[in-house]
Structure formats: C-alpha cells, structure tokens
Amino acid sequence: MSNKVICIAKNYSDTPAGRYYSDGSFSGERFREEFLYPALKDNEHVEINLDGTLGLGSSFLEEAFGGLIREKGMCLDDIKMKLEIISQRAVYKNRIWEYLEEAQLEKDR
Amino acid sequence: MTTCDVAAVGWVIALIGFIVNNRFSNQRETRKEIRAKLDHLNKSLDSLLEASRNYYLDDAAILSKESIRIHEAINSCDRIIQELSRFNKDCKLQPDFYIIYDVVTGGKFESAKHQPGEHNGPICKRLSIQKEALMQSAEDWFSAAFNQRAFT
C-alpha cells in the first residue's frame, strides 16, 4: 500500500492563501491541482498535515478540497477511504469534511 | 449520649461542613476560570471583527497585516471553543463560529485582487450579527452550566 504525507507548511507554503491561481502563488486551486489530486490519484493513503501554517482561509480549503469533487470528479466515499487530515485546529479539519460533504450533495442534485 | 458521642457528632458535622465548603469553593474557582475564557473569547472576536473591518473596508489598511490578525484571532477563538467543549460537551459554539470563519475567510479572501471598500459592507454587518449570536449562545450556556443563584 503506498502512502503519501504532505505537510502544507513544509511542502507547499506556510502562508497558503486565495482560491484560484489568479489569486496568488499559493492558492487552493494550485494546491489541489499540483499536490492533492495527484497524491490521491497515485496513492492508497494520503495524509495532509495542516499544522505550521499562519492560518488557512475557507476560500483556500473549500477550493482545494471541495474542488476534488466539483472539478476533479472524485466521490466522497473514495476520498474518505484515502484521505487523513491532521490538524491541531478543529475548525480547519471539521470544515474540510463539511466542504467535501457539501460538494458531494451539490453534485448529487 | 456520652461526652464522647457528642464530640464525635461534632467532628462529623465539622467534616461535612469542610467537604461542602471545599466543594463550593472549587465550583466557584471553575466558574471564574470559565468566565475568564468567555471574556477572552469575546475579546478575540472583537479583535477579529476589527481586523475584518480594516481588511474589507479601509483603503489605507495594510492588508497583509490585517490578514495575519484575522488568522491569529481565528486560531485563538478555535482554541478557546475547543477547551470549552472539552470542559462540557453541552457547550456547542462551533456552528456559530464556523459561520464567522466562512464569512471572514470565504469568497475571495486573501486574493491578490482583493479590493477594500463600501461594497464589502454586508460582510461586516453579517459578522457583527453572527458575533452577537455566538456570544449569546455562550452566555446562555454559561448561565445553564453554572446556576447563578448558587454562587451569588
């Protein structure tokens, strides 16, 4: 079983910000397209560590994670089986799973 | 009843008095600690609102500075809310707080194209309303958790 660990602060940026590529260098869209989706596609288990960043906006998190379902066509059940979120801050971890559920609901409508 | 019995009863009454007094004293201390946490939460929310107003409305604001304050305040609020829900599982402030988090940091937050100005007024109004809702929930929970009459 292949595992992948991505620490956003170390492997991407300690100040990730913005939703789309056009919003800045370390946007949620770029993280999804260049880090998160390739990792989920090629591995059985992906751990995303959110600690060590200044903070994460909902625009970044929603686009990065909700976009997996909305833009990349993944389904919530597959993501639940593969993805593990590590964070000391409950707000980020809880909201990511809620964004994923909302994106799946939107897709199913 | 012998003198010895009377003395024993006296000791038992004194012991019960000590235990009851100690228990109430501990409850008062816990109440003070939780009150301090709620006051801290209120201050952090005020700081979040002030930074948000600057970020969304003020042309002269240094946006990156305000964005740092917003993240700091969100982390601080989240930490306090987690501590309160660990103390008492009936303390459910997350839903109100998550709405605030989404309002402040959603949309085009931290976009290079962000434009402060009056058009962001509705965001700030919604934040004020939601902050009041959160603090009202917190105060209601506090009153229910610590029966005011028992401690005043």
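Where does B:Glu110 lie? In this predicted model, B:Glu110 sits in the loop that runs between α3 and α4 of chain B. Its backbone stands out a bit: phi is near 65°, a positive value in a residue other than glycine. B:Glu110 also counts as buried, because it has 26 C-beta neighbours inside 10 Å, and the cut-off for that label is 20 or more.

The loop between α3 and α4 (121-145) of chain B is home to B:Gly106 too. Here the surroundings come out as partly exposed, with 17 other C-beta atoms within 10 Å. Leaving aside residues up to four places away in sequence, B:Gly106 touches A:Ser58 and A:Ser59, which puts this glycine in contact with chain A. As for its place relative to the rest of chain B, the C-alpha atoms of B:Gly106 and B:Ser44 are separated by 19 Å, with the two positions 62 residues apart along the chain.

That leads on to the contact between the chains. Chain A puts in 16 residues and chain B puts in 19 residues. On the side of chain A that touches chain B, α3 (58-70) and α5 (90-108) each supply at least two residues. The largest share there comes from α5(A), with 4 residues. By type, the residues on this side of chain A split into 8 polar, 4 nonpolar and 4 charged.

Helix α3(A) deserves a paragraph of its own. A straight helix of 13 residues would span 18 Å at 1.5 Å a residue, but α3(A) manages only 16 Å between its end C-alpha atoms. The helix also has a kink of about 25°, centred on A:Ala64. How many of the 13 residues of α3(A) are buried? The count is 12, so the helix is largely enclosed by the rest of the structure. Among them are A:Ser58 and A:Ser59, the pair touched by B:Gly106, and A:Ala64, where the kink is centred. Others on the buried list include A:Phe60, A:Leu61, A:Phe65, A:Leu68 and A:Ile69, along with the charged A:Glu62 and A:Glu63. The packing partners come from both chains: the buried residues of α3(A) pack against α2 (28-42), α4 (76-82) and α5 of chain A, together with α3 (94-105) of chain B.

Chain A also holds a sheet. Its 3 strands form an open, parallel arrangement in the order β1-β2-β3. At the edges stand β1 (3-7) and β3 (83-86), each with a single partner strand, so one side of each is left without a neighbour in the sheet. From one strand to the next the twist averages 15°. Helix α2(A) packs on the sheet, touching β1, β2 and β3 of chain A, and its direction makes about 165° with that of β1(A).

Strand by strand, β1(A) and β2(A) run parallel and are joined by 5 bridges, with A:Ile6 standing opposite A:Ile48 in β2(A). On the other flank, β2 (residues 45-49) and β3(A) pair in the parallel sense over 4 bridges. Within that pairing, A:Val46 has A:Leu83 as its bridge partner in β3(A), and A:Glu47 has A:Glu84. In a regular strand the side chains alternate between the two faces of the sheet. The pattern shows up along β2(A): A:Val46 and A:Ile48 point to one face and are buried, whereas A:His45, A:Glu47 and A:Asn49 point to the other and are not.

Back in chain B, helix α1 (residues 3-57) has 55 residues, which should span 81 Å at 1.5 Å a residue. Its end C-alpha atoms are 80 Å apart, which agrees. The buried residues of α1(B) are B:Ile34, B:Leu41, B:Ser44, B:Leu45, B:Leu48, B:Ala51, B:Ser52, B:Tyr55 and B:Tyr56. B:Lys43 lies in this helix as well, but counts as partly exposed, with 14 C-beta neighbours inside 10 Å. In space, B:Lys43 and B:Cys77 are 9.3 Å apart, C-alpha to C-alpha, although 34 residues apart in sequence.

How values were computed: Residues are numbered from 1 along each chain as its sequence is written. Chains are lettered from A and ligands numbered from 1 in the order in which they are written. This is a predicted model: local features need pLDDT of at least 70, side-chain atom pairs count only at pLDDT 80 or more; totals for chains, interfaces and linings use all residues. Two residues are in contact if their C-beta atoms, placed from the backbone, lie within 7 Å. The expected span of a helix is 1.5 Å times one less than its number of residues. The bend at a residue is the angle between axes fitted to the seven residues ending there and the seven starting there. Two strands pair if DSSP finds at least two bridges between them. Axes are lines fitted to C-alpha atoms, for helices over the stretch in contact, and angles run from 0 to 180 degrees between N-to-C directions.
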